[in-house]
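Student: Please pick one residue in this model and look at it closely. I would like its surroundings, with the cut-offs stated, and then the chain it belongs to.

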Amino acid sequence: MDKSSANSGVGVLDKAVLILSTLEAGPATLAQLVDTTHLARPTIYRLAVALEHHRFLTRDIQGRFTLGPRLAELAGAAGDDRLLSVAAPVLAALRDHTHESCQLYRRQGDQRICVAAAERPIGLRDSIPVGATLTMQAGSAAQILLAWEEPERLHRGLRGAAFNATMLSEVRRRGWAQSVGEREPGVASVSAPVRGATGRVVAAVSVSGPIERLGRQPGRAHGTAVVAAANRLSEFLRRDEE
């Protein structure tokens, strides 16, 4: 990295970026970071720990610093416009096939946000407006957005959740999640993961409606259709990165 061209005049920011750029080559110990960046050891340690706190860095099994999951989350968020540009017709087709309301959720911290929706036009429906913020502790979309997380974050997300690790293991095995009365009494849903170009889960596609119509095993009726819709969005994101 050319440190002169990277100098913005904001010293602490330049040093943090230098650490992140150095770790593009792979994990490094504190001593290796000092040797590579030529920054003082106390400075490297202070910044690395701060970056780790904000999840821009993490540590591997050997205790070395490595790039953290927050970078992938921000990269995924940068793809929002590309994803939303094709979400509407895919959700509309899923709604017309299932005759139920459909949503697209993204995770934001400890919550999930509805970023697109296609509502059932008539009759009893589960109406989730675009922009609505929902819990990450209940519902099939929450299960999807948590199931493939790194172990530490997954177990932290399970605290107080309506689902458990065994249920998420089953979600990973079959590729979709279902919930019955988890988020709201009388409401059932089915969700499947949308994956970015790297294979990381970046969103969840959901079908939701009253238990009276979806039943106690909504995945049996709509799991295949929800997975197909999620796969169409995933394929779009993969093509967009080629």
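Tutor: What follows takes a single arginine first and the whole chain second.

The model is predicted, so local features need pLDDT of at least 70 and side-chain atom pairs count only at pLDDT 80 or more, while totals for chains, interfaces and linings use all residues. Residues are numbered from 1 along each chain as its sequence is written, and side-chain values use heavy atoms, with hydrogens and water left out.

The residue is R59, which lies in strand β1, residues 57–59. Strands here are DSSP runs of E with at least two residues, helices are runs of H or I with at least four, and both are numbered from the N terminus.

R59 counts as partly exposed because its relative accessible area is 37%, and that class lies between buried (under 20%) and exposed (over 50%), with a 1.4 Å probe and protein chains only.

Contact means heavy atoms within 4.5 Å. Once neighbours within four places in sequence are set aside, R59 is in contact with V49, E52, R64, F65 and T66. With E52 there is also a polar contact, side chain to side chain, at 3.1 Å. A polar contact is a pair of N or O atoms within 3.5 Å; within protein, one must be able to donate a hydrogen and the other to accept it, and residues adjacent in sequence count only if both atoms are side-chain atoms.

P27 gives a further reference point: R59 and P27 are 32 residues apart in sequence, and their C-alpha atoms are 8.1 Å apart in space.

Now the chain as a whole. The protein chain has eleven helices and eight strands, β1 with R59 being one of the strands. Along the principal axes, its C-alpha atoms fill a box of roughly 65 × 35 × 25 Å. Of the 242 residues in the protein chain, 45% are buried, whereas R59 is partly exposed.

Among contacts in the protein chain with a separation of 6 or more, 56% are between residues 24 or more positions apart. The accessible surface of the protein chain comes to about 12300 Å², and carbon and sulfur atoms account for 52% of that surface. Such areas come from the Shrake-Rupley method with a 1.4 Å probe; for residues, only the protein chains shown count as cover.
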